[in-house]
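Let's take a friendly walk through this model, stopping at a few places worth a closer look. Please keep the sequence and the structure open as you read.

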Amino acid sequence: MKFCSLHNHIMAIADYPAPLTQLLTQGECTWGGVDSWIDYSALGITSNDIPGLIRMATDPELYDQDGDEAESWAPVHAWRALGQLRAEAAIMPLLQQSLEYEEHEGWRDWMTSELPTVFSMIGTPGIPALAELIRDRTKSGWQRTIPVEGLEGIAKTQPKATAQCIAILQDELAHFEENDPEMNAFVIGSLVELRVMEAIPLMEQAFAAEKVDELLNGDWDDVQVSLGLKSPDEVPRKRYELPRSLMERDSSPISLSGFDATDYQRQKAKKKAKRKQQAAARRTNRKKK
């Protein structure tokens, strides 16, 4: 270990009180659903630790650690713990952190895969902040994917808030002409997941206006199949052109170090992360043109 790395390692551990120091030594996180997460209360972490967890989840020194160091995974452990604690105070700091690291490929994939789950665990207190970012059209569609999927998660897990979350998503899709195609694709993806059939006319209008990035959910025919409006046999098979470098990449979401995901649930998570990687690659290509 280089001296600088050793110094940062010592400072990172020394700067946090117990029981949070345990998160600095837990090491690599398992990729998968909440069932694979550690029970952080078993480590003695309580609501009294929320301020420290927020600091850990947004600590730039930890984000800059080498991926082979155990403490480089501490932010992931911290936001998972904040989700389990349903920490309303963490909503804005985590949203801001996702914007700051949106261009960092490794962190972006972990955040877009897990922060929506964290927000769905926090529940209805997060709706106003998520809605505010969704409506902020100064941000790209990619930057707003986390709050979109956060609302989707709340709608699925908090029945009393389902109608409110759906209304926010439908209202956003009504502005499809103002949104970039990626944003419209993310919103449509969530409305399809929630089976919001009353949004079908808006979806069709957005596709007809060519304001939907078809890489995420496919084209209008594909979406109709997903909603059960058409059978797969009615839709011709198609190929979507991807950058050659991405087509040759492994389908695993980018890890901070490395992991092997083999079970079915992890494969589903990997497929979703791959779609987001593809959309990001397409966005990068657009910027270069």
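Contact here means that heavy atoms lie within 4.5 Å. Keep in mind, too, that this is a predicted model.

With that in hand, let's begin at arginine 86. Leaving aside neighbours within four places in sequence, arginine 86 is in contact with Met121 and Ile122. You will find arginine 86 in the loop between H4 and helix H5, the latter spanning 91–100. Is this residue, arginine 86, buried or exposed? Exposed means over 50% relative accessible area, and arginine 86 has 55%, so it counts as exposed. Its side chain reaches the backbone oxygen of methionine 121 at 3.4 Å. Look also at proline 125, which is 39 residues away from arginine 86 along the chain: the C-alpha atoms of these two are separated by 9.3 Å.

From that loop, step back into helix H4, residues 74–84, which packs with helix H2, residues 50–57. Their axes are 8 Å apart, at an angle of about 140 degrees. Angles over 145 degrees would count as roughly antiparallel; H2 and H4 are therefore oblique to each other. Their crossing is left-handed. On the H2 side, the contact is made by Ile50, Leu53, Ile54, Met56 and Ala57, and on the H4 side by Ala74, Pro75, Ala78, Trp79, Ala81 and Leu82. By class, this contact of H2 with H4 has 11 nonpolar residues, no polar ones and no charged ones.

Now turn to a second helix pair, H10 (residues 181–193) and H11 (residues 200–208), whose axes come within 11 Å and cross at roughly 150 degrees. With the cut-off for roughly antiparallel set at over 145 degrees, H10 and H11 therefore fall into that group. H10 passes H11 in a left-handed crossing. Ile188, Leu191 and Val192 of H10 make the contact, together with Met203, Ala206 and Phe207 of H11. Sorted by class, the contact of H10 with H11 has 6 nonpolar residues, and no polar or charged ones.

Our last stop, serine 190, is also in helix H10. Which residues does serine 190 touch, not counting those up to four places away in sequence? They are Val148, Glu149, Glu152 and Leu169. With glutamate 152, serine 190 shares a side-chain to side-chain polar contact of 2.7 Å. Buried means under 20% relative accessible area, so serine 190, at 1%, counts as buried.

Definitions and conventions:
Residues are numbered from 1 along each chain as its sequence is written. This is a predicted model: local features need pLDDT of at least 70, side-chain atom pairs count only at pLDDT 80 or more; totals for chains, interfaces and linings use all residues. Side-chain values use heavy atoms; hydrogens and water are left out. Axes are lines fitted to C-alpha atoms, for helices over the stretch in contact, and angles run from 0 to 180 degrees between N-to-C directions. Helices (H or I, at least four residues) and strands (E, at least two) are DSSP runs, numbered from the N terminus. Angles under 35 degrees count as roughly parallel, over 145 as roughly antiparallel, 65 to 115 as roughly perpendicular and the rest as oblique. A crossing is left-handed if the near helix is turned anticlockwise from the far one by less than a right angle, and right-handed if clockwise. Ala, Val, Leu, Ile, Met, Phe, Trp, Tyr, Cys and Pro count as nonpolar, Asp, Glu, Lys and Arg as charged, and the others, Gly among them, as polar. Buried means under 20% relative accessible area, exposed over 50%, partly exposed in between (1.4 Å probe, protein chains only). A polar contact is a pair of N or O atoms within 3.5 Å; within protein, one must be able to donate a hydrogen and the other to accept it, and residues adjacent in sequence count only if both atoms are side-chain atoms.
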